[in-house]
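Grab a pencil and work through these short exercises. Each one sets a task and then walks through a solution.

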Amino acid sequence: MAVRPIVIYGDPVLREKTKVVDKVDQKTKDLVADMIATLKDARGLGLAAPQVGVAKRIFITDLSPLDLTESVRVFINPEIVEASGKVALEEGCLSFPGLFQNVSRPEKVTVRALGLDGQPFEMTAEGMLARAILHEYDHLEGILFIDHLSSISRALIQGKLRKMAAAS
């Protein structure tokens with residue numbers, strides 16, 4: 001397991017639509033292990049493969065910093081089956097260090113994916129786990145959390161975004 005550098009806003013990989021994982025082989029498992037090490041090192045709640053520079057349909061969540069009963073969840077080739085409700089909460093992103101904004105997202109989501117064992121699963125999540133799943137899923141589609149902001153909110157953070165993009 002190696003901690004990989006996290007890609008910062010401005011890097012084109014964050015806007016790429018990711019490619020399907022053909023098989024859950026050792027290379028995929030190694031990538032996931034690196035993502036877990038990277039997420040723990042960054043003390044985040046979720047991480048998508050594009051955030052470590054890999055345009056593959058993989059993301060992980062780990063809500064254990066908020067709830068000790070939680071652990072790492074791995075989602076390979078995820079599909080959102082259903083989403084419902086709406087709630088606005090402050091959200092951040094490891095690819096946008098220090099930037100937090102209110103984002104409106106569904107409060108409940110059902111997702112279908114493959115686990116690290118290559119077996120399909122389906123789960124329904126609410127609250128913070130639903131938010132983390134939707135946030136990371138967006139990364140696989142090349143969508144960033146700032147894309148959910150109003151034009152006024154986005155205008156207010158343009159200076160910060162320009163600085164991040166210039167530094168990446």
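**Exercise 1.** Which residues lie nearest the centre of the largest pocket, and how many residues line it?

*Solution.* First, the ground rules. This is a predicted model, where local features need pLDDT of at least 70, side-chain atom pairs count only at pLDDT 80 or more, and totals for chains, interfaces and linings use all residues. Residues are numbered from 1 along each chain as its sequence is written, and side-chain values use heavy atoms, with hydrogens and water left out.

Step 1: a pocket is an open set of points on a 1 Å grid over the protein atoms alone, where a 1.4 Å probe fits, with protein on both sides within 12 Å along at least five of seven lines; lining residues have an atom within 4 Å of a point.

Step 2: the lining has 21 residues, with L45, G46, E91, G92 and C93 nearest the centre.

Step 3: sort the lining of the largest pocket by class, and you get 10 nonpolar (Ala, Val, Leu, Ile, Met, Phe, Trp, Tyr, Cys and Pro), 5 charged (Asp, Glu, Lys and Arg) and 6 polar residues (the others, Gly among them).

**Exercise 2.** Work out how the rings of F96 and F145 are arranged.

*Solution.* Step 1: rings of Phe, Tyr and Trp (its six-membered ring) pair if their centres lie within 6.5 Å; planes under 30 degrees apart count as stacked, over 60 as edge-to-face and the rest as tilted.

Step 2: the F96 and F145 centres are 5.2 Å apart with planes at 80°, so this pair is edge-to-face.

Step 3: F96 and F145 are both buried (under 20% relative accessible area, 1.4 Å probe, protein chains only).

Step 4: add Y9, and Y9, F96 and F145 make one aromatic cluster.

Notes
Buried < 20%, exposed > 50% of the residue type's maximum accessible area, 1.4 Å probe, protein only.
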